[in-house]
Amino acid sequence: MKQIYATSDEIDLQMLIGLLESKEINTQIIADGAGDYFRMIGCDSAITKRVLVSENDFDKAVLLMKENGFCSNDVPERDSKEINIARIVLVIMAILLIVLFFL
């Protein structure tokens, strides 16, 4: 799988997925950080989601994107250390909220 697009905008994400899948190009979405767990409206607006397609469909997908006004964009890769720190902070915040709720 190769990345063709990255965004934190859920509307752009869903429009691109719909466009690609209407042309029988299968997509896979990967979210940075805890985005895979918290894909609720308003909870992941700062989390980058990446659109991946198979290597066989890559050129077709990029051409289709450009024809429909999606600009290819490169988002810097985050290393696993940054992602793990974000997950730990998220868990700590959740625990604190739960403790404060029950006190």
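The exercises below, each with a worked solution, concern the predicted model shown above.

Residues are numbered from 1 along each chain as its sequence is written. Because the model is predicted, local features need pLDDT of at least 70 and side-chain atom pairs count only at pLDDT 80 or more, whereas totals for chains, interfaces and linings use all residues, and side-chain values use heavy atoms, with hydrogens and water left out.

**Exercise 1.** Establish the order of the elements from the N terminus on.

*Solution.* Begin with the inventory, which is 3 helices and 3 strands, where helices (H or I, at least four residues) and strands (E, at least two) are DSSP runs numbered from the N terminus. Then read along the protein, and the order is β-α-β-β-α-α.

**Exercise 2.** Identify the residues of the largest nonpolar core that touch the most other members, and the elements that supply this core with at least two residues each.

*Solution.* A nonpolar core is a set of buried Ala, Val, Leu, Ile, Met, Phe, Trp, Tyr and Cys residues joined through side-chain atoms within 4.5 Å; buried means under 20% relative accessible area, exposed over 50%, and partly exposed in between (1.4 Å probe, protein chains only). The largest core has 16 residues, of which Ile4, Tyr5, Leu16, Leu20, Val51 and Val53 touch the most other members. At least two residues of this core come from each of strand 1 (2-7), helix 1 (10-22), strand 3 (49-53) and helix 2 (58-67).

**Exercise 3.** Find the aromatic pairs and classify their geometry.

*Solution.* Rings of Phe, Tyr and Trp (its six-membered ring) pair if their centres lie within 6.5 Å; planes under 30 degrees apart count as stacked, over 60 as edge-to-face and the rest as tilted. This rule gives 2 aromatic pairs. In one of them, Tyr5 and Phe70 are edge-to-face, at 5.7 Å centre to centre with 85° between the planes. This pair links distant parts of the chain, since Tyr5 lies in strand 1 and Phe70 in the loop between helix 2 and helix 3, 65 residues apart. Tyr5 is buried at 7% relative accessibility, and Phe70 is buried at 10%. The ring centres of Phe101 and Phe102 are 5.1 Å apart and the planes stand at 85°, so this pair is edge-to-face. Phe101 is exposed, with a relative accessible area of 66%, and Phe102 is exposed at 65%.

**Exercise 4.** Decide whether Ile85 is buried, partly exposed or exposed, and locate this residue among the elements.

*Solution.* Ile85 is found in helix 3 (residues 80-102). With a relative accessible area of 44%, Ile85 is partly exposed.
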